[in-house]
Amino acid sequence: MKRRRLPSGTENCGPPEIDYTKLPAACLLKTRDLPGPKDAKLWNEVLLTVLPVDVLLLTVEDWEFLSCVSHLNPGYFRSSHGNLGTVYFGQMGTGPTFLKIAVMKCHSGPLTPGGALITVKNGVEVLRPKAVFCVGFCGGLGQEVSLGDVAISAKLRTYASVKVTDSGIQERGLAVPLEANLLKLINHADGGWKAPLRACGEVKVWKDGVYLSGPEKVESEERREELVNRFPDAIAIEMEGQGLFLAAHDLKVEWIVIKGVSNFADGREPESWRQFASVMAASLTAHILSNPIVFENWPHYNGKYAAA
């Protein structure tokens, strides 16, 4: 089997060094740095002065969440809602106008209690965003994909639904492209983006690939190769996109998955790459959201506010 690439010079060491001074927070926040409950704003204040937001950022793991919050402009805060739990609110953009951002965590998996499906459904109905971005780290599948690359979901495929017959497997999953606005936007998603690295270097961005999404956390070389053979055009695999799509499609809101490659879904994940992949994905997402004019005419979700 062809050996998968690692970024140049990193075969025998960890990921490239990140220049955290290039983040709005000037560092990668730690959990202890986040505003605590005593610094939270009441939901009624959020309802009157913040909602609706422009974009909801959905994360799962701590590195994903902290990377997204670290890219908010100074002045972000937290609040709590009965159906959502804790939500962080802030802004992205370089002015004079800004996008209003909400950052949430969900449990791993598309259809689990507290997973992507129910979290996105509740989040969209309450926060009324124009789009939902799922940001974090994923597994790389394509032979040309490297650790540290950032993969954008031009198309999402679900793989768990199949018909098993004596003659083989018949695929019954979904294959869905992005909605029109985001599909056009990703063509130039990395235009002008410079990865926050201390040394000179680049992070490759995959903008035209297929994401696999399903309920499995794949950590098996055998299972990985089976999926690669079934879906040779897939570049990445993750768990939340299926729930994100199902909720966003039903609610008629734009959605996208942007994740950095931290492993190859073969059970040999270098843990040090999770932080790097999360920061790169959040950095690219913040770059996409740095120009509020692009999103000015996008419609907010038109549902009513849920009861607090």
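Trainee: Is the crossing of helix 3 and helix 6 right-handed or left-handed?

Mentor: Right-handed, in this predicted model. The two axes come within 7 Å and cross at roughly 35 degrees. Helix 3 spans residues 116-127, and helix 6 spans residues 241-251.

Trainee: Which residues of helix 3 and helix 6 make the contact?

Mentor: Start with the general idea. An α-helix has 3.6 residues a turn, so residues three or four places apart point the same way. Now the case here. Helix 3 contributes Ala 116, Leu 117, Val 120, Lys 121, Val 124 and Glu 125. From helix 6 come Gly 243, Leu 244, Leu 246, Ala 247, Ala 248 and Leu 251.

Trainee: How do the residues of that contact divide into nonpolar, polar and charged?

Mentor: There are 9 nonpolar, 1 polar and 2 charged.

Trainee: Why is helix 2 largely enclosed by the rest of the structure?

Mentor: Look at burial, where the cut-off is under 20% relative accessible area. Helix 2 covers residues 62-70, and 7 of its 9 residues are buried, so it is largely enclosed. The buried residues are Glu 64, Phe 65, Leu 66, Ser 67, Cys 68, Val 69 and Ser 70.

Trainee: What covers the buried residues of helix 2?

Mentor: The cover includes strand 1 (55-59), strand 3 (85-92), strand 4 (99-105), strand 5 and helix 7 (272-288).

Trainee: Now a loop residue. Where is Asp 149 found?

Mentor: In the loop between strand 5 (131-140) and strand 6 (150-158).

Trainee: Does Asp 149 count as buried or exposed?

Mentor: Buried, because its relative accessibility is 5%. Then check its side chain for partners. A polar contact of 2.9 Å joins the side chains of Asp 149 and Trp 206.

Notes
Residues numbered from 1 in each chain as written. Predicted model: local features only at pLDDT ≥ 70, side-chain atom pairs only at ≥ 80, totals over all residues. Heavy atoms only, no water. Axes fitted to C-alpha atoms, helices over the stretch in contact; angles between N-to-C directions. Helix = DSSP H or I, 4+ residues; strand = E, 2+ residues; numbered from the N terminus. Left-handed = near helix turned anticlockwise from the far one by under 90°. Contact = heavy atoms within 4.5 Å. Nonpolar A, V, L, I, M, F, W, Y, C, P; charged D, E, K, R; others polar. Buried < 20%, exposed > 50% of the residue type's maximum accessible area, 1.4 Å probe, protein only. Polar contact = N/O pair within 3.5 Å; in protein donor to acceptor, adjacent residues only side chain to side chain.
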